[in-house]
Amino acid sequence: MKDDLARRALANTLGWNAFDVATRGAELQALAALKYDEYEGYWPGEGFLEHLVSWLGQMDDADRRRAIEFVRNELVFISRAELDHLIETVYPDHVRPLLIQRAADKLGLPSWRVREITTSRAFHEVQRKTLVLGLADGSRIDRLRRTSGFSHEQFYLAPELSEAWADRMATTLREAVGDETALFEQVLLVDDFAGSGTTSLRKIGETWKGRFERTNVHLQQIAGRAVVEAPTVWVLFYVASAQARTNLHAALIERGLPWELHVVQQLTPELVVCDDELLDMCRRYFDDANFDVLGAHVKEASGDIRLGFGDGRLPLVITHNTPNNSISLLWADTMGRSGSTNQRALFPRRHRHNAERP
């Protein structure tokens, strides 16, 4: 009954006839059931179709038609199942080959002698001496831990270890490899998404900031305690834009960090919104009250946030949140906010930085 009411409301909003309701309406209902209703930014009891009706209802008739075509033909939604599949490929397709190459170098063997390498003590030590750190809560370390060949004692949910955890992990490592002086020699840093790369590493004046910089400082602090002085560092994103990969590669070189960057699913450079009509809608329907939540610095630091942070212009939604690198038409929501126009987003974003939660 609820879906039927949403379809009828959608038909009234878009002026659809019976045929449109039966075809396009059924299509949207199927998309909602298969993917969009699982969006974790919705409150309990909310669903995609209700948000779609409210979202379209704020627009002029011509804009509604363009918006619904964008949803049907251009929107990219990474579902929980798809994200889980990416995580399941991390160890066999990305990390294990790195471990094999590392062990091969220690053994003086060519990397194609896989069986000989993977059955050697050197490989098992290389694998056990790898520390896995989550750069953010979206890194889904729990899922990665269950689908990898690593011990649970090699994972930590955050990029900075407390002294107690550093000592504990070093102790279990030494027990596992039978060496009282053993330390982690490889560090795998994991994150879910990179849209522009600036959250991870950026230079402001002469100062470097970002998650990578903080992690680099921390690795130096625990050197000799849990990790070796100059560990091999691999950075892995489940999803990243072409812009982010290019920016981070250049930033790592400029910073002098010999870290390797790996991406499981890189978005193509063509996956950006270029349509002037849609970009104009992003500007016109953006509620400036968003700046009260995002912080005034966002307006100056990111260019036109209405088109996505860092000029991202992405048509992307991920099941647990919408990146702010996506066009604001998707995520900018000011419902119930004092002094706002109560703008409703299709996929409301939960902001990491929020002036209401300093």
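A salt bridge is a side-chain nitrogen of Lys or Arg within 4 Å of a carboxyl oxygen of Asp or Glu. With that in mind, welcome to this structure, which is a predicted model and holds 31 salt bridges. We will come back to some of them after a look at the sheet.

Let us begin with the strands. Five of them form an open sheet, and reading across it gives the order β3-β2-β4-β7-β8, with parallel pairing. The edges belong to β3 and β8 (260-266): each has a single partner strand, so one side of each is left without a neighbour in the sheet. As background, strands of a sheet pair through backbone hydrogen bonds, either parallel or antiparallel.

Strand β2, residues 130-134, is a good place to pause. What lies on either side of it in the sheet? On one side, β2 pairs with strand β4 (residues 184-194) in the parallel sense, over five bridges. Within this pairing, Gly134 stands opposite Val190, and the partner of Leu133 in β4 is Leu189. Strand β3, residues 155-156, also pairs with β2 in the parallel sense, here over two bridges. Leu133 takes part in this pairing as well, standing opposite Tyr156 in β3. To get from β2 to β3, the chain passes through helix α8 (residues 141-146), and this β-α-β crossover is right-handed.

Is β2 covered or open to the outside? Strand β2 is mostly covered, with five of its five residues buried. In a regular strand the side chains alternate between the two faces of the sheet. Both faces of β2 are covered: Thr130, Val132 and Gly134 are buried on one side, and Leu131 and Leu133 are buried on the other.

Now back to the salt bridges. Side chains of opposite charge can pair when their charged atoms come close. Strand β4, already met as a partner of β2, supplies a residue to two of the pairs described here. One is Asp191, which forms a salt bridge with Arg211, the closest N and O atoms being 2.6 Å apart. This pair links distant parts of the chain, since Asp191 sits in β4 and Arg211 in helix α10 (residues 211-221), 20 residues apart. Asp191 and Arg211 are both buried.

The other is Glu185, whose partner is Lys106, with 3.5 Å between the closest N and O atoms. Here β4 is linked to helix α5, and the two residues are 79 residues apart in the chain. Which of the two is buried, and which is partly exposed? Glu185 has 18% relative accessibility and therefore counts as buried, the cut-off being under 20%. Lys106, at 48% relative accessibility, counts as partly exposed.

Helix α5 also holds Arg80, which forms a salt bridge with Glu40; their closest N and O atoms are 2.2 Å apart. The helix spans residues 80-107, while Glu40 lies in the loop between α2 (18-34) and α3 (48-57), so this pair too links distant parts of the chain, 40 residues apart. Glu40 counts as partly exposed because its relative accessibility is 41%.

One last feature of α5 is its meeting with helix α7 (residues 121-128). Their axes come within 9 Å and cross at roughly 125°. The two helices are therefore oblique to each other, and their crossing is right-handed.

Terms used. Residues are numbered from 1 along each chain as its sequence is written. This is a predicted model: local features need pLDDT of at least 70, side-chain atom pairs count only at pLDDT 80 or more; totals for chains, interfaces and linings use all residues. Side-chain values use heavy atoms; hydrogens and water are left out. Buried means under 20% relative accessible area, exposed over 50%, partly exposed in between (1.4 Å probe, protein chains only). Helices (H or I, at least four residues) and strands (E, at least two) are DSSP runs, numbered from the N terminus. Two strands pair if DSSP finds at least two bridges between them. A crossover is right-handed if, with the strands pointing away from the viewer, the path from the first strand over the helix to the second runs clockwise. Axes are lines fitted to C-alpha atoms, for helices over the stretch in contact, and angles run from 0 to 180 degrees between N-to-C directions. Angles under 35 degrees count as roughly parallel, over 145 as roughly antiparallel, 65 to 115 as roughly perpendicular and the rest as oblique. A crossing is left-handed if the near helix is turned anticlockwise from the far one by less than a right angle, and right-handed if clockwise.
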